[in-house]
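Reader: I would like a close look at a single part of this protein, taken slowly and with the numbers. Please start from one side chain and work outwards to whatever it touches.

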Amino acid sequence: MKVTRFVLPVFFALFALPLNAYTVSVMIAETALPLAAPLAEASIRWETGFMDTFFDAGHIVSNAPLARLAAAAGEVPAECMDDLYAAGEGGVDYFILVLLNYEGYTGTGAPRPVWAELKMFRVTPYRLVAVTRFPAPGKTLETDHLANAREAARMLLPHF
């Protein structure tokens, strides 16, 4: 009987706390790669790193198809707008756009991103929540793309 008096209040206290799980859609877009170039393995690792990080933080995560852009112009490139609208229709809370820039790729060897621009949008009501560049200007990316992606995703977690 004494155990019940202790366990029930603790049980209700734990489950009465509000949960802050959001639905998040992640989209990776490659820039400065020839349209005919093969899919970059680094882009897949960045997508995995972002999805893993947000999932581990307790959010519900989905992904939009990877896009290859000739150039990233505007707040949201035109090629990515349909995915942003689809995320809103699907009830997604946040849309994360990761623009991986592959400038300087010569067509030989595996493409490696030079920097990434991270854009976080609140879908409803629509607003740009955060924009950041990874790594910071003047620094270079490491060769471990998965570790880079996880570190970059952690930069966005406080904005939820």
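**Around one tyrosine ring**

Author: Arg-122 lies over the face of Tyr-94, at 5.0 Å from the ring centre. The model is a predicted one, and every value here is computed from it. Tyr-94 is buried, since its relative accessible area of 5% falls under the 20% cut-off. Arg-122 is buried too, with a relative accessible area of 18%, which is under that 20% limit.

The arginine also has an acidic partner. Arg-122 forms a salt bridge with Asp-93, and the closest N and O atoms are 3.9 Å apart. The cut-off for such a bridge is 4 Å. This pair links distant parts of the chain: Arg-122 is in strand 5, while Asp-93 is in the loop between helix 3 (78-89) and strand 4, 29 residues away. Asp-93 has 22% relative accessibility and therefore counts as partly exposed. Side chains of opposite charge can pair when their charged atoms come close.

Strand 5, which holds Arg-122, covers residues 115-122 and pairs with strand 6 (residues 127-134) in the antiparallel sense, over seven bridges. A hairpin of four residues joins strand 5 to strand 6. One of the bridge partners is Leu-128 in strand 6, which is matched with Phe-121. There is another arginine over a ring: Arg-133 lies over the face of Trp-115, 4.1 Å from the ring centre.

Now back to the tyrosine and its aromatic neighbours. A search of the whole structure finds nine aromatic pairs. In one of them, the ring centres of Tyr-22 and Tyr-94 are 5.3 Å apart and the planes stand at 85 degrees, so the pair is edge-to-face. Tyr-22 sits in the loop between helix 1 (2-16) and strand 1 (23-31), and Tyr-94 in strand 4 (residues 94-101), so the two are 72 residues apart along the chain. Tyr-22 counts as partly exposed, at 23% relative accessibility, whereas Tyr-94 is buried.

Tyr-94 has a further ring partner, Phe-160: their centres are 4.9 Å apart and their planes are at 85 degrees, so this pair is edge-to-face. Phe-160 belongs to the segment after helix 4 (145-156), 66 residues from Tyr-94 in strand 4. Ring pairs link Tyr-22, Tyr-94 and Phe-160 into a cluster that also includes Trp-46, Phe-50, Phe-54 and Phe-134.

Other charged pairs lie elsewhere in the chain. The whole structure has four salt bridges. Among them, Glu-30 pairs with Arg-68, the closest N and O atoms being 2.7 Å apart. Glu-30 lies in strand 1 and Arg-68 in strand 3 (residues 67-69), so the bridge ties together parts that are 38 residues apart in sequence. Both Glu-30 and Arg-68 are buried. Another bridge joins Arg-150 to Asp-52, with closest N and O atoms 3.1 Å apart. Arg-150 is in helix 4 and Asp-52 in helix 2 (residues 41-56), so this pair ties together parts 98 residues apart in sequence. Arg-150 is partly exposed at 30%, and Asp-52 is partly exposed at 27% relative accessibility.

As for the wider setting, the protein has four helices and six strands, running α-β-α-β-β-α-β-β-β-α from the N terminus. Of its 160 residues, 38% count as buried. Among contacts between residues at least 6 apart in sequence, 68% join residues at least 24 apart.

Definitions and conventions
Residues numbered from 1 in each chain as written. Predicted model: local features only at pLDDT ≥ 70, side-chain atom pairs only at ≥ 80, totals over all residues. Heavy atoms only, no water. Pairing = 2+ DSSP bridges. Buried < 20%, exposed > 50% of the residue type's maximum accessible area, 1.4 Å probe, protein only. Contact = heavy atoms within 4.5 Å. Phe/Tyr/Trp six-rings, centres within 6.5 Å; stacked < 30°, edge-to-face > 60°. Lys NZ or Arg CZ within 6 Å of the ring centre and 35° of its normal. Salt bridge = Lys/Arg side-chain N within 4 Å of Asp/Glu carboxyl O.
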